[in-house]
Amino acid sequence: MSVATSSGGTAPGSPASSAARTIVLLRHAKAEWSDESDHERPLAERGRKDAPVVGRQLAGTGIPIDLAICSTATRTRETWKLAVHELPHRPRTSYEERLYDASLGELIALLSETSDEVNNVLVIGHNPGMHALADALAGETEGDLLPRMNRSGFPTSAFAVIAFNGSWKSLEHGVGTLRDFWTPHS
């Protein structure tokens, strides 16, 4: 529970303003190129194989996901449907139309709407947004993760783990630490 100030924000030093938070940014698995609209493109065979692998890898991080926010695009929903079965528990899932084709600013604004009762969020979305958001939030990095992420270009089925302390409303450029970056075909 957060402590509200007279301005409606969180009081400095309150549990919500110093809480440890984790954002996992997952790019959808490989999609088919089809005559469908881009929003309706389904997963390719490789994507259907990679998505459960991603789920197992996410489970292996030990991060207890409280909330999954998934784009409404077919390929992201299919990725999530195949990956979630590999997790130790199914988090609450929100399907968010605004994730599709979202800009960096829109992604940060969307995450800032998250309740401070939620500590760990998984976002299943698209590039260039997932890469841009991971790069923007990572003020610090462990080892060579940031250069490795930037060299790879954040391929399909890749995920980045960003940790930060504070309220979701305090999310801004450089606030986090890139703790993990994983790709299925490295």
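Ala163 counts as buried, because its relative accessibility is 14% and the limit for a buried residue is under 20%. The structure described here is a predicted model. Within this model, Ala163 belongs to strand β6, which covers residues 159-165. Beyond its neighbours within four places in sequence, Ala163 is in contact with Arg21, Thr22, Gly176, Thr177 and Arg179. The C-alpha atoms of Ala163 and Leu137 lie 9.1 Å apart in space, although 26 residues separate the two in sequence.

Strand β6 also has a part in the surroundings of helix α6. This helix comprises residues 145-152, and Leu145, Leu146 and Met149 are buried in it. Viewed down the axis of α6, the buried residues fall within an arc of 95 degrees, and they therefore line one face of the helix. The elements that cover these buried residues include α5 (129-137), β5 (138-141), β6 and β7 (176-182). After α6 comes Gly153, which has a positive phi, near 75 degrees.

The discussion now turns to the nonpolar interior. The largest nonpolar core contains 30 residues, and Ile23, Leu111 and Phe154 have the most contacts inside it. At least two residues of this core come from each of β1 (20-27), β2 (67-71), α4 (104-112), β4 (120-125), α5, α6, β6 and β7. Another core, of 15 residues, lies apart from it and has Leu26, Cys70, Trp80 and Leu87 among its members.

Phe154 deserves a separate description. Leaving aside neighbours within four places in sequence, the residues in contact with Phe154 include Met149, Leu25, Met130, Ala134, Phe159 and Phe181. Met149 is also one of the buried residues of α6.

Notes:
Residues numbered from 1 in each chain as written. Predicted model: local features only at pLDDT ≥ 70, side-chain atom pairs only at ≥ 80, totals over all residues. Heavy atoms only, no water. Helix = DSSP H or I, 4+ residues; strand = E, 2+ residues; numbered from the N terminus. Buried < 20%, exposed > 50% of the residue type's maximum accessible area, 1.4 Å probe, protein only. Contact = heavy atoms within 4.5 Å. Arc of directions from axis to C-beta. Core = buried A, V, L, I, M, F, W, Y, C linked by side-chain atoms within 4.5 Å.
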